[in-house]
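Got your viewer open? Let's take a short walk through this fold, one selection at a time.

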Amino acid sequence: MAVQKGILIVLEGIDGAGKSTQAEILMNRLHERGYDVVYFREPSEGKWGQEIKKKAADPDSLSPEEELDLFLKDRKENVEKNLRPALEKKKIVILDRYYFSTIAYQGAKGIDQKRIRRVNEEFVVEPDLVFFLDVDPREGLDRIKNRKKKDRLFERAEYLVKVREIFRSFRGERFIHIDSSKPKKEISAEIERIVLNYLIGVRL
Ligand code: TYD
């Protein structure tokens with residue numbers, strides 16, 4: 001199944017909201033229907049993304065401004081190396097986190113949200129659809145606590161309350177807020193329905 005233009009679909013949400021699971025299900029569903037679909041994530045696999053992951057092991061090693069700088073460098077590389085080429089080939093790109101994460105996470109650390117938005121809008125490709133998987137931070141952290149270190153969980157939960165508030169403040173036609181405490185299957189069906197509906201308008 002071909003589309004008239006590249007389509008960028010973004011999944012956002014706090015840690016443990018279920019983005020990666022939903023990204024995989026959506027990939028499979030679109031693939032089964034014959035669409036040419038690729039998956040990327042931020043932080044990316046590139047050199048800046050690797051650096052971010054290394055530094056994330058020690059949460060206090062970077063100031064908020066330094067974090068912002070690294071996420072921007074990683075995003076610039078991801079946009080040029082991965083997103084633009086795939087979109088030029090009229091693929092459907094599913095992206096796990098994008099600049100809304102920077103507005104929310106670095107914004108929650110006190111950096112001016114308008115400034116974060118402005119510096120991103122200078123170079124990003126704008127997405128077609130953005131899904132925000134919304135979950136209570138305690139529930140999200142419960143889901144991932146087996147995967148990650150349990151220390152400083154309370155501090156993390158307090159921070160994620162702020163991050164969530166910022167995610168919830170995004171409003172507009174392309175932004176879709178999904179209650180991620182619902183069963184996984186209901187969420188994937190809802191996302192699939194909205195995406196397929198959007199694709200009807202851009203199919204060849
Ligand atoms: P990610 O690898 O998506 O972690 P997870 O799968 O556990 O959600 O992201 C790593 C962390 O980076 C996550 O806590 C969110 C944070 N982050 C930012 O703070 N700013 C950003 O711009 C991005 C893309 C991620």
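Start by selecting strand 4. Both of its faces are covered: Leu129, Phe131 and Leu133 on one side, Val130, Phe132 and Asp134 on the other, and all are buried. Here buried means under 20% relative accessible area, exposed over 50%, and partly exposed in between (1.4 Å probe, protein chains only). Because six of the six residues of strand 4 are buried, the strand is largely enclosed by the rest of the structure. Strands (E, at least two residues) and helices (H or I, at least four) are DSSP runs, numbered from the N terminus.

Before going on, some housekeeping: this is a predicted model, where local features need pLDDT of at least 70 and side-chain atom pairs count only at pLDDT 80 or more, while totals for chains, interfaces and linings use all residues. Residues are numbered from 1 along each chain as its sequence is written, and side-chain values use heavy atoms, with hydrogens and water left out.

Now bring up the sheet. It is open, with five strands in the order 2-3-1-4-5 and parallel pairing; two strands pair if DSSP finds at least two bridges between them. Which strands stand at the edges? Strand 2 (37-41) and strand 5 (175-179) do, each with a single partner strand, so one side of each has no neighbour in the sheet. On average, neighbouring strands are turned by 20° against each other, direction ignored.

Add strand 1 (residues 7-13), which runs parallel to strand 4 (residues 129-134) and is joined to it by five bridges. Leu11 stands opposite Phe131, and Gly13 stands opposite Leu133. Then pick strand 5: strand 4 pairs with it over five bridges in the parallel sense, and Asp134 has Asp179 as its bridge partner there.

Next, show helix 7 (residues 153-168). It lies across strands 1, 4 and 5 and runs at about 140° to strand 4. That angle is taken between N-to-C directions, from 0 to 180 degrees, with axes as lines fitted to C-alpha atoms, for helices over the stretch in contact.

Time for rings. The structure holds 11 aromatic pairs: rings of Phe, Tyr and Trp (its six-membered ring) pair if their centres lie within 6.5 Å, with planes under 30 degrees apart counted as stacked, over 60 as edge-to-face and the rest as tilted. Select Phe100 and Phe132: the ring centres are 6.2 Å apart and the planes stand at 80°, so this pair is edge-to-face. It links distant parts of the chain, with Phe100 in helix 4 (residues 99-105) and Phe132 in strand 4, 32 residues apart.

Keep Phe100 and add Phe170, another edge-to-face partner, at 5.4 Å centre to centre and 90° between the planes. Phe170 sits in the loop between helix 7 and strand 5, 70 residues from Phe100. Phe100 and Phe170 are both buried. Widen the view and ring pairs link a cluster that includes Tyr98, Tyr105, Tyr159 and Phe175.

What does Phe100 touch beyond its neighbours within four places in sequence? Its contacts (heavy atoms within 4.5 Å) include Val10, Glu12, Pro127 and Arg174.

Last stop: two lysines. Lys73 lies over the face of Trp48, at 4.9 Å from the ring centre, and Lys76 lies over the face of Phe123, at 5.2 Å. The criterion puts NZ of Lys or CZ of Arg within 6 Å of the ring centre and within 35 degrees of the ring normal.
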